[in-house]
Amino acid sequence: MSSLLLGILAISVPQPVQALEMDVDLQDTLTFNPDEIVVQPGESVTLHLSNGDAPHTFTIFAQADANVPFDTAGLNDYHDQNEKIVDVMLSSGEQRDITFTAPSTPGTYVLACMTLGHANGGMHGALTVSSEDGEPSGFAVDTTTLVIVAVVAIVAVVAVALFMFRKRSA
Ligand SMILES: [Cu+2]
């Protein structure tokens, strides 16, 4: 019975390297679309950036849950003094793919456009590193199998326990 339980643990332990790929538009209405990107800790993230007509930057700060000021002077100072996960500027109509590794610390990482007045005008968002131990979508079948195996194991343990209890009291 203990070997079966060890087997279940072995199935649940491996964490395959995850990869996320998505499109993000940098819009002249001073919005990122989408403005929230949810990732798993340490995940490889590839974004296909599409820029509007105005020059915009795609800047993600490296400090989790930071209180980033969006007024022009405050944001410029913050940008000068702090680490960035990503910091790229796109020209008019530019399309660019970027790849980075998501932080290992769960939390919210500020995304902002550094073009004068844009962040203050609403052009900011978030990279959210999930605190949940998410399963990659491609492994959904494995999760189902794991649940079935776990349920069968629990039923088996209870059945054996009941059998031995009855045997004892008989
Ligand atoms: Cu902008």
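Here are three short exercises on the strands and sheets of a predicted model.

Local features here need pLDDT of at least 70, side-chain atom pairs count only at pLDDT 80 or more, and totals for chains, interfaces and linings use all residues. Residues are numbered from 1 along each chain as its sequence is written.

**Exercise 1.** Work out how many helices and strands the protein chain has, and in which pattern.

*Solution.* Start with the terms: helices (H or I, at least four residues) and strands (E, at least two) are DSSP runs, numbered from the N terminus. That gives 3 helices and 9 strands. Now read along the sequence, and you get α-β-β-β-β-β-α-β-β-β-β-α.

**Exercise 2.** Trace the open sheet of 5 strands and find its edges.

*Solution.* Strands pair if DSSP finds at least two bridges between them. The order comes out as β3-β9-β8-β5-β6, with mixed pairing. β3 (36–39) and β6 (84–90) each have a single partner strand, so one side of each has no neighbour in the sheet. Zoom in on β5 (residues 56–61) and β8 (residues 107–112): they're antiparallel, with 2 bridges. Here T59 sits opposite A112 in β8.

**Exercise 3.** Do the same for the open sheet of 4 strands.

*Solution.* Its order is β2-β1-β4-β7, and the pairing is again mixed. At the edges you'll find β2 (31–33) and β7 (95–101), each pairing on one side only. Next, look at β1 (residues 19–27) and β4 (residues 44–51): they run parallel and share 8 bridges. Across this pair, L20 faces V45 in β4.
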